[in-house]
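Work through the exercises below with the coordinates open. Each task is followed by a solution in steps.

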Amino acid sequence: MSKATTHESAVGHVSGRAIYADEQHPPAGLLSLYPVQAPHAHARILAIDTAAARALPGVHAVLTAADIPGTNDLGPIVHDEPVMPADHVSYFGQAVAWVVADSEAQAMAAARQVKVEYEALPALLDVHAAIAAESFHLPPARVERGDVSAGLAAATHRLSGELLIGGQDHFYLETQACWASIDSEGLVQLVSSTQHPSETQHMVAHVLGIASHRVVCRCLRMGGGFGGKETQANPFAAVAALAAWKTGRPARVKLHRALDMQLTGKRHPFFARFTVGFDDDGLLQAARIDLVADGGWSVDLSPPVLMRAMVHVDNAYFIPHVEVQGRIAKTHLASNTAFRGFGGPQGMVVGEEILDRVARFLGLPVDQVRERNFYREGCTPDRNQTHYGQPVVDNHLPELWAQLRTSSAYDLRRAELDAFNREHPQRKRGLAITPVKFGISFNKTEYNQAGALVLIYSDGSVQLNHGGTEMGQGLHTKMLAVAARTLGISQSRIQIMVTSTDKVPNTSATAASSGSDLNGQAVKAACETLLARMAPIAAASLRVHPLPNPSPIEGEGLKTPGSDRSSPLSPGGREVGREGADEAADIVFADDRVFHRDRPEHSLAFHDVVRSTYNARVSLAATGYYRTPGLSWDPKLGRGHPFYYFAFGAAVCEVEVCGLTGVHSLRRVDLLHDVGDSIAELIDRGQIEGGFVQGMGWLTSEELRWNAQGRLLTDAPSTYKIPTVGDVPEDFRVDLFRRSKPPSTNVIFHSKGVGEPPLMLAIAVREAIRDAVAAFGDARVVELASPSTPEAIYHAIVKVRGA
């Protein structure tokens, strides 16, 4: 398997041949939908009059809550999320009805003719207003260790602070989209831009009042997801399906950019308060942290997002006594949801805020204070267990950190930078190095499972199905590599199929950086089952051992998770004799050939072995299944072993800040990230670069703003500033960390998840900006807003100069 594996759809992406949900060939009679949006953030719905809209040419229906035949709810955790509200508006722009017409233009025009009578109600439009009103979705959550009150009392120093962290729009290139139709058998067929086809299938069935087996959901590919299509693809699939169900014609939803930004939730804004105790060396002794996530109008995925933030406030640092309380504010904004990192980035920003304040309070170099507080193996007392009770297994961070300090010439550049700052009163440079420790697995244990279906045809070609979705991150590319490596064939023999719920059922979302881990093991298990069926036949063909008489009963495969069988079986389902089993185990599949380990010069073509297997009446189709071992979590106690392993990384960033404008430029970036033994190195490097840039945008330029009525003002690229090519430094150095010892966990081919962790490497940009701001004065506290826009940086400089 080549480490230089390119993206399987790369040519399609650049040539335009890659087809997305709304780019299919339109079927006859395809209808389009457009929403009727509420002009209030909080209101009571008194009446809806659709007569004028329904009378317009081309209009086939105006859907309201009254038209839903099943249950008007899409809440994934709490049943608080109607498809369309029956009596209350909960955020500005909420869709209270959907017009179904021959064209999108006709639907848009008709939506303006729907008359809705409202009674406006008071609205809570930010986390501070919700806290003041004591408006929360659920009871507080807690994660704690030790005696925090005693730890704070005994600490040499104490300080307190607070921090407001902004949200972030997903800004995927392909907005929310779904096509729905009813086939000749009465099944609902969906093509949805969704990260979670099984949940979309289930939710549509729920809304229509039918069983899930009557809904098939396919995902061709997505033009980005980032968590924004994990649950929030479901409302648009539901209304498209409802339109098809009501009219008997295929229907489509495809949101314009402004609509997408108005109707969908974002990364959760967080408000944090903290008190921390520490000694003269900056070693943390105790911390009391209160986190409030802005959940928006409904719960959505806020509880696990909040919990991941709570278990990542430590980032890479050991704190003997910890108390973390978390609450979810209920505001009248779009319901915030999953976003790359899933609460982890917000928690880690709080952790880095604490470390920076401790270091500046003591007058110590921030990088030294960070390093002193690392989790470390082999210490007495133990400094390698998290505040939720999980050991930090395979802790490579100290080694990785030292390697990056050397490769980035950190100490030399620090001296050069200090000299520059002394000579430039209106321009200052900042340098920061920050670590990442990120847990890999779904917070909810039952989501850590996956399935696959592998079909080998009699000519030796292979079809590969798995439960993960492709959103540009390269999951399909990695699954092709896993299948090719396991079967010992070239990738050109394998066709990966679109993700579909009628091929692999009950899948988990492609999220939590676990797509390759889970689906890769399932693909590998299916392929090993097929190898175990073919190996005895190959052995017989190579005259290694006579083949027993076949029988119509299918054989089984190699040991898979949950099975206690491990020996290869004959085609008749009977165990091959010990000698035959040993010989079959020595059969090697590699380079499209099959041979005995001791006699590689005598080989068979893979397709010939496949044909012989078919002739022997042995099944060439196999499912694979995997569940992540060793996971546990008690949400009430806030303790357990929620992650299979940790991904580590570190970043060094250098910035220059203008003291007159607050504008900053990113001069150089050095990233070193642990991806284990990479399955596809180019894909992993792309994920690291892209994740870093997205994180940089969240922390520096992507500012969400609403007006006093709750209308989102930043609903277009003209007002919402995502990073551009000009924001990426010319000197951008990315390297993969090479482990010095083997891992203790059995991840697919010893790789590591890489989707989310690199985003948090961008915290180094924020900390470098803070370092530059600090150089304008001599303050013991540098308060820097997040995102650190030019305005925020300028105000921080003014405050530092005043101090």
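The exercises concern a predicted model and go from domains to single residues.

**Exercise 1. Domains and their contact**

Task: State which residue ranges make up each domain, and how many residues domain 1 and domain 3 each give to their contact.

Solution.
- Step 1. The domain assignment puts 10–123 and 170–263 in domain 1, 270–443 and 635–802 in domain 2, and 449–507 and 515–627 in domain 3.
- Step 2. In the contact between domain 1 and domain 3, 17 residues come from domain 1 and 12 residues from domain 3.

**Exercise 2. The boundary of domain 1 with domain 3**

Task: Describe the area buried between domain 1 and domain 3, then the polar pairs across it and the elements on the side of domain 1.

Solution.
- Step 1. About 1,100 Å² is buried between the two domains, and carbon and sulfur atoms give 54% of this area.
- Step 2. On the side of domain 1, Ser 198, Cys 219 and Met 222 lose the most area to domain 3; together they account for 33% of what that side buries.
- Step 3. Zero salt bridges are counted between domain 1 and domain 3, while seven residue pairs are in polar contact, with both residues at pLDDT 80 or more.
- Step 4. Two elements, α6 (197–208) and β11 (215–219), give two or more residues to this side of domain 1. The largest share, five residues, is that of β11.
- Step 5. By class, this side of domain 1 has eight nonpolar, seven polar and two charged residues.

**Exercise 3. A salt bridge**

Task: Count the salt bridges of the structure and place the one between Asp 22 and Arg 252 in the chain.

Solution.
- Step 1. The structure holds 47 salt bridges.
- Step 2. In the pair of Asp 22 and Arg 252, the closest N and O atoms are 2.8 Å apart, and the cut-off for a salt bridge is 4 Å.
- Step 3. Asp 22 is in the loop between α1 (10–15) and β1 (31–37) and Arg 252 is in strand β12 (residues 251–254), so the salt bridge ties together parts 230 residues apart in sequence.

**Exercise 4. An aromatic pair**

Task: Classify the pair of Tyr 317 and Phe 374.

Solution.
- Step 1. The whole structure contains 14 aromatic pairs.
- Step 2. For Tyr 317 and Phe 374, the centres are 6.1 Å apart and the planes are 15 degrees apart.
- Step 3. Planes under 30 degrees apart count as stacked, and this pair is stacked.
- Step 4. Tyr 317 lies in the loop between α9 (302–310) and β15 (321–330), and Phe 374 in the loop between α11 (366–372) and α12 (397–407), so the pair links parts that are 57 residues apart in sequence.

**Exercise 5. Backbone details**

Task: Is the peptide bond from Ser 786 to Pro 787 cis or trans, and where is Asp 300 found?

Solution.
- Step 1. The bond from Ser 786 to Pro 787 is cis, with omega near 10 degrees. Pro 787 is in the loop between α19 (763–774) and α20 (790–802).
- Step 2. Asp 300 is in the loop between β14 (284–296) and α9. Although Asp 300 is not a glycine, its phi is positive, about 50 degrees.

Conventions: Residues numbered from 1 in each chain as written. Predicted model: local features only at pLDDT ≥ 70, side-chain atom pairs only at ≥ 80, totals over all residues. Heavy atoms only, no water. Domains from an automatic or database assignment. Contact = heavy atoms within 4.5 Å. Buried area = accessible area lost by both parts, 1.4 Å probe. Salt bridge = Lys/Arg side-chain N within 4 Å of Asp/Glu carboxyl O. Polar contact = N/O pair within 3.5 Å; in protein donor to acceptor, adjacent residues only side chain to side chain. Helix = DSSP H or I, 4+ residues; strand = E, 2+ residues; numbered from the N terminus. Nonpolar A, V, L, I, M, F, W, Y, C, P; charged D, E, K, R; others polar. Phe/Tyr/Trp six-rings, centres within 6.5 Å; stacked < 30°, edge-to-face > 60°.
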